[in-house]
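Dear colleague,

I am handing over the structure that we spoke about, and below it I have written out what was found in it. Please keep it open beside you as you read.

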Amino acid sequence: MALAGILQLIQQQQALEERKEERNQDLALQLLSQDIAQESRLKEVELQGTISEYYDLKKEREEVAATLRTEYPRLDKKFISNNFAPIANTFEGVAEDDMSNLQNNIDQLITDITNLKEVDRQLAEQKSYYKGQEQAIAGLTTLVDPGEFETFVEEYEEKFPGRPTAGLYAAYDAGTVTTYQRRQAATDMQAVSKASAQSNWEGMRTMAASDEFEVSDYTENELLQAEISKMISHDNYQDVINYMNAEPTGKVKDVFYKMFPSLMGAMEGHVQSVDDIESEFLGRTKDTHVENIINDFLSSIATVKSNKEAFILYDEQQALLTNKADKEAMFDVMEKQLGKGDLYEGRGGYKEHLDKKSKFKPEQPLRVSLKEPVLESYTATDDQTTAEQVYEALDDISRYEDSGVSEEGLSGREVMIGPISALMGGSSMFEEREEWTPGKAMFGGLGSLDVGFDSPYYDAFYNEVGDQFSNLMSEEDPFGPDFLYSGLPEEHQIPRLIRERYGDAVYESVYKIADEAGRNAQIKEIEAVLKKRSGEDYWDLIRALDAIKE
C-alpha cells in the first residue's frame with residue numbers, strides 16, 4: 001500500500017477517535033447536567049418541606065395557644081406568648097442557600113409548643129387538684145363561696161409561687177352555682193339555725209314558767225329582776241338578742257347565762273351560725289354590704305321627727321344585719337346623726353322602746369305572763385264563747401285524762417264523807433266524783449287540800465242531784481218517811497243512792513239535768529276568772545290550759 005494510503009488510514013482512525021471522544025464528552029456533559037438538575041430539584045423539594053414544616057409548626061403553636069385561651073380564659077398572657085422569642089426574618093438567606101434563620105425559627109416554634117403543652121398539663125393538674133380539695137374548702141352551705149375560693153387560691157400561690165392559677169379558676173367556674181342558688185342555700189341553712197335558736201329560747205321560757213323557777217334565786221337586784229322578767233316574756237329570740245346587744249352593761253345577759261347556761265350558749269351559737277353563713281355568702285363584699293345598709297338607714301332617718309320613728313326604722317334595718325358589732329355601729333351612727341346624746345337610757349330612749357314590746361305584767365307572776373298566750377287558742381266564735389271553749393277543752397277526759405294537768409286547785413277525784421253519813425249510807429268515808437275531769441273540777445279545793453271542796457260545777461251538780469232525789473222520793477211516797485230520808489244523806493252520796501234505788505236509766509236522766517246545771521255554773525265562773533285576769537284561780541286555769549295544749 002502506498003504511503004499516501006497509510007496516512008489516509010491513520011487520519012481516518014484519528015478522526016474516529018476524535019469523534020468518539022467528542023461523543024464521550026457530550027455524554028459526560030449531558031450526565032453532569034442531569035446530575036445538576038436532579039440535585040437542584042432535591043434541594044428545592046427539601047426547602048419546600050422545611051418551609052411546610054415551619055408553617056405547620058406555626059399553625060400548631062397558634063392552635064395550642066388558642067385552646068389554652070378558650071379553656072383557661074383567666075390565664076395570664078405571659079404564660080402563652082410574652083416569654084417566646086420573636087419569630088422574624090425567617091426566609092432571609094434562603095436564596096443564597098443559607099437556611100440558618102429558617103431552621104432557628106423552626107427550633108423556636110418546637111420549643112414554644114413544648115412550653116405551651118407543659119402549661120396545659122399543669123393547668124389540667126390544677127383542675128384535678130381543685131376537685132379533690134373542693135369539699136374540704138366548701139363552707140357551711142357545702143358550696144364553695146367566692147371568698148373561700150380566693151383564700152384557697154392565695155394559699156396555692158404561697159405553696160407554688162410563680163405557677164399559673166387559671167386551672168383552679170377553670171375548675172371553680174365549671175362547678176360554680178348562681179348567686180341565687182347560693183343565696184337560697186344560705187337562707188335554708190340560716191332558717192335551720194334560726195329555728196334552733198328559737199327552740200333554745202322557748203326551752204328557757206318553759207323552764208321559767210315552772211313552779212320552781214324564781215328570778216330572785218339568781219339575782220337580788222329588784223331592778224334587774226324586772227328587766228329579766230321583761231326579757232323572758234318576749235316570744236321571739238331575736239327580740240331578746242336585740243335587747244341584750246343594746247344593753248350596755250351586759251348584766252342581763254350574765255344573769256341569763258347563770259339561769260340557763262347550756263341553752264344560752266346554744267342559742268348564741270346558733271345566732272353566730274347565722275352570721276357565719278352570711279359572712280360566707282357575702283365573702284369579701286361583706287364590708288360594702290354592711291356599709292350600704294347603714295347608709296340606707298341614715299338616709300331613711302334624715303327626716304324623722306321623733307326618736308320613736310327612728311327606733312322603728314332601726315329595728316327594721318338592723319334585722320338586715322347578722323353581726324352584733326355591725327348593729328352596734330348602726331346604733332352609734334344613729335345617735336351621731338340625730339345629735340341627741342345617749343339614745344339608750346332615759347325617757348323616750350331605746351330601752352323604753354324595747355320595754356313596750358314586752359308582754360310582762362308586773363302585777364302577775366312571771367309564770368302566768370309566760371303561759372297567758374295559750375288563751376289565744378280559745379277566742380270566741382259565733383256558736384261558742386271563750387269560756388265555753390275553755391271548759392270543753394278541759395272536760396275532754398278521753399283526750400286529756402293523762403295530760404299532766406296538775407290537780408292542785410281542783411276538786412279531788414274523791415270527796416270525804418262525814419263518819420255518820422258514811423254509816424247511814426252504808427259506804428266508806430270516800431265517794432268517787434261523778435265523771436271527774438279538770439273542766440268540772442277547776443276552781444275546787446284549797447291549795448293542796450283538794451278533798452272535800454267543790455268546784456262551781458260540782459256544787460251546782462250535787463245541788464241539782466239532791467233536788468232530783470227529793471223529787472223522786474216525794475213522787476214515790478209524798479207523805480211517808482222517804483220524804484224525810486231524802487234530806488239525810490250527805491249530798492255526795494246521793495248519785496250512788498239513786499242508782500241503787502231507781503237504777504241506771506233513771507240516774508242517767510238525773511245526771512243529764514245536773515250536768516247541764518254544773519256546766520253552766522262552771523262556764524259562768526270561767527268567764528268571771530277570765531275577765532278578772534288575776535288571782536290564783538286565773539293562774540290555775542292558765543296552767544291547766546298550758547298543760548293540755550298541743
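**Buried rings and what surrounds them**

Tyr130 and Tyr172 are both buried. They form an aromatic pair of the edge-to-face kind, with 6.4 Å from centre to centre and 85° between the planes. This pair links distant parts of the chain, since Tyr130 belongs to helix α2 (residues 100–137) and Tyr172 to helix α4 (residues 166–175), 42 residues apart. Before going further, please bear in mind that this is a predicted model.

A second edge-to-face pair is made by Phe311 and Tyr350, whose ring centres are 5.2 Å apart and whose planes stand at 65°. Here too distant parts of the chain are linked, with Phe311 in helix α11 (residues 307–318) and Tyr350 in helix α13 (residues 350–355), 39 residues apart. Both Phe311 and Tyr350 are buried. In total the count comes to 25 aromatic pairs, and one aromatic cluster is formed by Tyr129, Tyr130, Phe149, Phe152, Tyr156, Phe160, Tyr169 and Tyr172. Rings also meet charged side chains: Arg183 lies over the face of Phe281, at 4.3 Å from the ring centre, and the charged end of Arg433 sits over the ring of Tyr458, 4.9 Å from its centre.

**The protein as a whole**

The protein has 23 helices and two strands, and of its 550 residues 41% count as buried. Among contacts between residues at least 6 apart in sequence, 70% join residues at least 24 apart. The accessible surface comes to about 31000 Å², and 51% of this belongs to carbon and sulfur atoms.

**The nonpolar cores**

In soluble globular proteins, nonpolar side chains tend to be buried together. In this model the largest nonpolar core has 46 residues, and those with the most contacts inside it are Ile228, Ile232, Phe256, Phe260 and Met334. If we leave aside its neighbours within four places in sequence, Ile232 is in contact with Trp201, Arg205, Ala208, Phe213, Phe256, Met259, Leu366 and Leu370. There is also a second, separate core of 41 residues, which includes Val390, Leu394, Tyr457 and Phe469.

**Helix α6 and the loop before it**

Which residues of helix α6 (residues 222–232) are buried? They are Leu224, Gln225, Glu227, Ile228, Ser229, Met231 and Ile232, and what covers them includes α5 (179–208), α7 (237–246), α8 (251–259), α13 and α14 (366–371). The N-terminal end of α6 is capped by Asn221, where a side-chain oxygen lies 2.9 Å from the backbone nitrogen of Leu223.

Thr219 is found in the loop between α5 and α6. Is Thr219 buried or exposed? Its relative accessible area is 11%, and because residues under 20% count as buried, Thr219 is a buried residue. A polar atom of the Thr219 side chain lies 3.2 Å from the backbone nitrogen of Asn221, which is the residue that caps α6. Not counting residues up to four places away in sequence, Thr219 touches Leu224, Gln225, Ile228 and Val255.

From the helix side, the side chain of Gln225 reaches the backbone oxygen of Thr219 at 2.7 Å. With residues up to four places away again left out, Gln225 touches Val215, Ser216, Thr219 and Glu220.

**Helix α15 and Thr437**

Helix α15 (residues 386–395) is largely enclosed by the rest of the structure, because seven of its ten residues are buried. These buried residues are Ala387, Glu388, Gln389, Val390, Tyr391, Ala393 and Leu394, and two of the names, Val390 and Leu394, will be familiar from the second core.

Thr437 is found in the loop between β2 (430–432) and α18 (438–441), and with a relative accessible area of 1% this residue is buried. How far apart are the C-alpha atoms of Thr437 and Asp395? They are separated by 5.3 Å, while along the chain the two residues are 42 residues apart.

With best wishes

Methods: Residues numbered from 1 in each chain as written. Predicted model: local features only at pLDDT ≥ 70, side-chain atom pairs only at ≥ 80, totals over all residues. Heavy atoms only, no water. Core = buried A, V, L, I, M, F, W, Y, C linked by side-chain atoms within 4.5 Å. Buried < 20%, exposed > 50% of the residue type's maximum accessible area, 1.4 Å probe, protein only. Contact = heavy atoms within 4.5 Å. Phe/Tyr/Trp six-rings, centres within 6.5 Å; stacked < 30°, edge-to-face > 60°. Helix = DSSP H or I, 4+ residues; strand = E, 2+ residues; numbered from the N terminus. Lys NZ or Arg CZ within 6 Å of the ring centre and 35° of its normal. Polar contact = N/O pair within 3.5 Å; in protein donor to acceptor, adjacent residues only side chain to side chain. Areas by Shrake-Rupley, 256 points an atom, 1.4 Å probe, with all protein chains shown as cover.
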